[in-house]
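Work through these exercises with the model open beside you. Each task is followed by a solution in steps.

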Amino acid sequence: MEMKGLIIQGIGFLGTILFFLSFQCKSNKKLFRVQFVSYLCYTGHLILLGAVTGGISYVLNTVRSFCLGSKNKHLKGIPACCIICVLQLVALYFTWDGPISILPVAANIASTIGGYTYNARTIRLAGMLINSPLWIVYDILVGSWAGILDEVVSEASMILSIVRFGWKNLDTVEE
């Protein structure tokens, strides 16, 4: 692999490390803030790979994490959730590259809805059962080795957080 490819994958691997660390934050606010930086890394990574739908979806994930980690009640409300989901669909329309484009958008809509419940258990379930599986398929198709690792590590991290904090303890709503 040439140097440019290594740098592109390296940017993605930095996002992987940060995303893994995010699920070790018990506070949802901290989780969303660490994910914000992780998403910035992934945005650059995917755009550089030419995976535009995925890259734009991560821009919207960055906005979502900013909103969810904010102190502003309007950014943390249901209308903001709906706007972000609609923006995902708009991004899908403008970046359409065939059925592959549906994968990151569907994954991110599920994670957005899960995040806006502010329930730690729901956030992890949306990640483990919908978001990560769809992103793994997308990452394989676009050649994002860091993305594949990110999703596998994220699955492990979510399971670890369930073991660490306890399933019952994660059934709380925290804004």
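Buried means under 20% relative accessible area, and exposed means over 50%. Keep these cut-offs at hand. Note also that this is a predicted model.

**Exercise 1. Place Gly-12, decide whether Gly-12 is buried or exposed, and list its contacts beyond four places in sequence.**

Step 1. Gly-12 is found in helix 1.
Step 2. Its relative accessible area is 0%, so Gly-12 is buried.
Step 3. Leave aside the neighbours within four places in sequence. Gly-12 is then in contact with Tyr-42, His-45 and Ala-146.
Step 4. Tyr-42 and His-45 are among the buried residues of helix 2. Helix 1 is also one of the elements that cover the buried residues of helix 2.
Step 5. For a sense of scale, take Gly-12 and Thr-95. They are 83 residues apart in sequence, and their C-alpha atoms are 21 Å apart in space.

**Exercise 2. Check the spans of helix 2 and helix 3 against 1.5 Å a residue.**

Step 1. Helix 2 has 22 residues. From first C-alpha to last it reaches 30 Å, close to the expected 32 Å.
Step 2. Helix 3 has 17 residues and should span 24 Å. Its end C-alpha atoms are 24 Å apart, which agrees.
Step 3. Look just past helix 2. Gly-50 follows, and the phi of Gly-50 is positive, near 90°.

**Exercise 3. How many residues of helix 3 are buried, and what do they pack against?**

Step 1. Twelve of the 17 residues are buried, so helix 3 is mostly covered.
Step 2. Among the buried residues are Gly-54, Gly-55, Tyr-58, Asn-61 and Arg-64.
Step 3. The buried residues of helix 3 pack against helix 2, helix 4, helix 5, helix 6 and helix 7.

**Exercise 4. Describe the largest nonpolar core and the surroundings of Tyr-116.**

Step 1. The largest nonpolar core has 33 residues. Those with the most contacts inside it are Phe-32, Tyr-58, Tyr-116 and Trp-135.
Step 2. The elements that give two or more residues to this core are helix 2, helix 3, helix 4, helix 5, helix 6 and helix 7.
Step 3. Leave out residues up to four places away in sequence. Tyr-116 touches Arg-64, Cys-67, Leu-68, Leu-75, Lys-76, Gly-77, Ala-80, Cys-81 and Ile-84.
Step 4. Of these partners, Arg-64, Cys-67 and Leu-68 are buried in helix 3.

**Exercise 5. Where is Asn-108, and which residues beyond four places does Asn-108 contact?**

Step 1. Asn-108 sits in helix 5.
Step 2. With a relative accessible area of 0%, Asn-108 is buried.
Step 3. Its contacts beyond four places are Ser-57, Tyr-58, Asn-61, Arg-64, Gln-88, Asn-131 and Trp-135.
Step 4. Two of these, Tyr-58 and Trp-135, are named among the residues with the most contacts inside the largest core.

**Exercise 6. Classify two aromatic pairs and state whether their residues are buried or exposed.**

Step 1. The whole structure holds eight aromatic pairs.
Step 2. In the pair Tyr-93 and Phe-94, the ring centres are 5.0 Å apart and the planes meet at 85°. Planes over 60 degrees apart count as edge-to-face. The pair is therefore edge-to-face.
Step 3. Tyr-93 has a relative accessible area of 64%, so Tyr-93 is exposed. Phe-94, at 65%, is exposed too.
Step 4. Trp-135 and Tyr-138 also pair edge-to-face, at 5.3 Å centre to centre and 90° between the planes.
Step 5. These two are three residues apart in helix 6, so about one helical turn separates them.
Step 6. Trp-135 is buried at 1% relative accessibility. Tyr-138 is buried at 3%.
Step 7. Trp-135 and Tyr-138 belong to one aromatic cluster with Phe-19, Tyr-39, Tyr-42 and Tyr-58.

**Exercise 7. How many disulfides does the structure hold, and why is Cys-85 not bonded to Cys-81?**

Step 1. The count of disulfides is zero.
Step 2. Cys-41 is in no disulfide; the nearest cysteine sulfur belongs to Cys-25 and is 15 Å away. Cys-41 is buried, at 12% relative accessible area.
Step 3. A disulfide needs sulfur atoms within 2.5 Å. The sulfur of Cys-85 is 4.4 Å from that of Cys-81, its closest cysteine sulfur, so the distance is too far for a bond.
Step 4. Cys-85 counts as buried, at 11% relative accessibility.

Note on methods: Residues are numbered from 1 along each chain as its sequence is written. This is a predicted model: local features need pLDDT of at least 70, side-chain atom pairs count only at pLDDT 80 or more; totals for chains, interfaces and linings use all residues. Side-chain values use heavy atoms; hydrogens and water are left out. A nonpolar core is a set of buried Ala, Val, Leu, Ile, Met, Phe, Trp, Tyr and Cys residues joined through side-chain atoms within 4.5 Å. Buried means under 20% relative accessible area, exposed over 50%, partly exposed in between (1.4 Å probe, protein chains only). Contact means heavy atoms within 4.5 Å. The expected span of a helix is 1.5 Å times one less than its number of residues. Rings of Phe, Tyr and Trp (its six-membered ring) pair if their centres lie within 6.5 Å; planes under 30 degrees apart count as stacked, over 60 as edge-to-face and the rest as tilted.
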